[in-house]
Amino acid sequence: MKNTANELIIIGTGPQAQIARDYFHEFSDKKVLGFACHEKYREKENIYGLPIFTIEALTESHSPEDCLAFVAVGYRKMNKMRQALYEEVKGLGFAFANFIHPKATVSESAHLGENVFVFEDNTIQPYVRIGNNTVLWSGNHIGHHSTIGDHCFISSHVVVSGSCCIGNNVFVGVNATFHDSLTISDECLIGAGALIAKSTKPKEVYLSSRTKPFPKDSEALGF
C-alpha cells in the first residue's frame, strides 16, 4: 500500500538537498522535517534552521510508517553515490516521495518510479516511463514511448525523441539531443551539446567539440 505520510526527510546535505528542500516546501504539501547524512559527514547541527539527522539512527528518530524520505544528492560516479544512498534508505524500510513541479507537463499515461525529481518546464509525453531515483532538471523534452532507467540524471534542455530507451546510471549534459528510437546503454556519459544519432554501448562517453575562439577580439570586430 502506498505510504501517504506528509512528513519528509531529505537524504543529503549539499546543494541538491537544499534545492530539494526549497522545492518541496514551496510547491508541495510535504513538511520537510530536516536532512540526514552519515555520522562521519555530519559537520554541523542544522541547515537553514532544519536539523541534520544521522542515517545510522534514522529509524530511531523517525518511523518509516509515518515519514517519507527523498534522496537528493548529485550525479558523481555515474549516479552510483545516489544509488547507494537510495538502496540503503530503502533497506531501512522507508518509502520515497516524488517531486513533480506544477509547471512541468506530464502526460496522464506516463509512469514515474519512486524518488523521482522533475523540475519546472519539463515536457513528458504520453507513454513515457521513468525509473526510480532519477532527476530531470529544468526544461527537458522526453518524447512519447521513451524510457529512462533507474539512477539517471538528465540535465537541462535535453531533447529525447520518441521511442528511445535510456538505460540505468546514465548522465546527460545540457542541450544534448537524441534521434528517435535509440538505445542508450547503461552508464553512458553524454556530454553537453552532444548529438546522438546511433545507439550506444555500455559506459561509452560522448563529448561534443567546444566552440573555438574567433581570431579577432570583440573590439577589432567593431560590433
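Two strands are said to pair if DSSP finds at least two bridges between them, and this wording is used in the legends below, which describe close-up views of a predicted model.

**View 1. Strands β9 and β12 lie side by side in an open sheet.** Strand β9, made of residues 117-118, pairs with strand β12, made of residues 135-136, in the parallel sense and over two bridges. One residue to look for is Val118, whose bridge partner in β12 is Leu136. Both strands belong to an open sheet of seven strands, in which the order is β6-β9-β12-β15-β18-β21-β23 and the pairing is parallel. The edges of this sheet are formed by β6 (99-100) and β23 (205-206), each of which pairs on one side only. As background, the strands of a sheet pair through backbone hydrogen bonds, and they may do so in a parallel or an antiparallel way.

**View 2. Strand β1 pairs with both β5 and β2.** Strand β1 covers residues 7-11, and it is mostly covered, since four of its five residues are buried. With strand β5 (residues 67-71), β1 pairs in the parallel sense over five bridges, and here Leu8 stands opposite Leu68 of β5. With strand β2 (residues 31-37), β1 also runs parallel, and five bridges join the two strands. Among the residues matched in this way are Glu7, whose bridge partner in β2 is Lys31, and Ile9, whose bridge partner in β2 is Gly34.

**View 3. A helix links β1 to β2, and β2 goes on to pair with β4.** Taken together, β1, helix α1 (residues 15-27) and β2 make up a β-α-β unit that is right-handed. Strand β2 is largely enclosed by the rest of the structure, because six of its seven residues are buried. Strand β2 also pairs with strand β4 (residues 50-54), in the parallel sense and over three bridges. Within this pairing, Ala36 of β2 has Phe53 of β4 as its bridge partner.

**View 4. Cysteines are present, yet the structure holds zero disulfides.** Why is Cys37 not bonded to Cys67? The sulfur of Cys67 is the closest cysteine sulfur to that of Cys37, but the two are 16 Å apart, which is too far for a bond, because a disulfide requires two cysteine sulfur atoms within 2.5 Å. Cys165 is likewise in no disulfide, and the nearest cysteine sulfur, belonging to Cys164, lies 8.7 Å away. Are these residues, Cys37 and Cys165, buried or exposed? Cys37 counts as buried because its relative accessibility is 8%, and the cut-off for buried is under 20%. Cys165, with a relative accessible area of 35%, is partly exposed.

**View 5. Three residues make a nonpolar patch on the surface.** The patch is made by Phe214, Leu221 and Phe223, and its area is about 460 Å². Phe223 is found in the segment after α4 (218-221). Because its relative accessibility is 94%, Phe223 counts as exposed, the cut-off for that word being over 50%.

Key
Residues numbered from 1 in each chain as written. Predicted model: local features only at pLDDT ≥ 70, side-chain atom pairs only at ≥ 80, totals over all residues. Heavy atoms only, no water. Buried < 20%, exposed > 50% of the residue type's maximum accessible area, 1.4 Å probe, protein only. Right-handed = clockwise from strand over helix to strand, strands pointing away. Patch = residues over 30% accessible without salt bridge, like charges linked within 9 Å, V, L, I, M, F, W, Y side chains within 5 Å. Areas by Shrake-Rupley, 256 points an atom, 1.4 Å probe, with all protein chains shown as cover. Salt bridge = Lys/Arg side-chain N within 4 Å of Asp/Glu carboxyl O.
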